[in-house]
Amino acid sequence: MAALNASKLFLVCIFIACCSSVWFAEARLSDCCLSVSDKKVDKKWLADYYYQVEGQGCAINAIIFVTRRQKMLCLPVDSPQAGRLIKHVDHLKDVCRENKHKKRCFGVNQTR
């Protein structure tokens with residue numbers, strides 16, 4: 001009887017492990033850019049950015065800019081516009097960390 005309970009417990013653990021790995025894979029995939037655009041982006045919309053690396057759960061390299069309303073904008077890594085926007089967001093984070101310009105800091109993630 002104890003062997004039967006142990007095997008049931010083992011099967012339940014395997015099932016949970018499989019389901020959670022599928023769930024985590026789907027959650028990570030939803031954060032990936034499938035394409036990039038080099039359209040002009042107004043820097044006043046931006047609050048944060050992060051890098052998407054090909055081969056780490058995503059198909060392409062990109063820089064993902066997050067707007068103040070939590071929308072994602074995907075730009076190519078080698079875009080000159082992306083470099084300027086990164087400098088702007090970094091400066092904005094520094095200003096907001098110093099508690100200046102409260103209105104300007106709406107939606108800004110102040111950590112680096």
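In which helix does Q81 lie? I looked this up first, working throughout on a predicted model, and found Q81 in helix α2, which covers residues 80–97.

**Entry: Q81**

I then checked the accessibility of Q81 and noted a relative accessible area of 12%, so I recorded the residue as buried, the limit being under 20%. For its surroundings I set aside the neighbours within four places in sequence, and the residues in contact with Q81 were then D38, K39, K40, V41 and L75. One of these, K39, also appears in my list of polar atoms, since I noted its backbone oxygen at 3.0 Å from a polar atom of the Q81 side chain.

**Entry: aromatic rings**

I turned next to the aromatic pairs, of which the structure holds two. For Y49 and Y51 I wrote down ring centres 6.1 Å apart and planes at 85°, and because an angle over 60 degrees counts as edge-to-face, I entered the pair under that heading. Y49 counts as buried at 16% relative accessibility, whereas Y51, with a relative accessible area of 49%, is partly exposed. The pair of Y49 and F65 I entered as tilted, with 6.0 Å from centre to centre and 45° between the planes. That pair links distant parts of the chain, as Y49 belongs to strand β1 (residues 46–52) and F65 to strand β2 (residues 62–67), with their positions 16 residues apart in sequence. I noted both Y49 and F65 as buried, and I closed the entry by recording that ring pairs join Y49, Y51 and F65 into a cluster.

**Entry: disulfides**

How many disulfides are there? My count came to two.

In the disulfide of C32 and C58 the sulfur atoms are 1.9 Å apart, and with -70° about the S-S bond I recorded the link as left-handed. C32 sits in the loop between α1 (2–29) and β1, and C58 in the loop between β1 and β2, so this pair ties together parts that are 26 residues apart in sequence. Both of these cysteines, C32 and C58, are buried.

For the disulfide of C33 and C74 I noted sulfur atoms 1.7 Å apart, and the torsion about its S-S bond is about -75°, so I entered this disulfide as left-handed. C33 lies in the loop between α1 and β1, while C74 is in strand β3 (residues 72–75), so the pair ties together parts 41 residues apart in sequence. I marked C33 as buried, and C74 as well.

Definitions and conventions. Residues numbered from 1 in each chain as written. Predicted model: local features only at pLDDT ≥ 70, side-chain atom pairs only at ≥ 80, totals over all residues. Heavy atoms only, no water. Helix = DSSP H or I, 4+ residues; strand = E, 2+ residues; numbered from the N terminus. Buried < 20%, exposed > 50% of the residue type's maximum accessible area, 1.4 Å probe, protein only. Polar contact = N/O pair within 3.5 Å; in protein donor to acceptor, adjacent residues only side chain to side chain. Contact = heavy atoms within 4.5 Å. Phe/Tyr/Trp six-rings, centres within 6.5 Å; stacked < 30°, edge-to-face > 60°. Disulfide = S-S within 2.5 Å.
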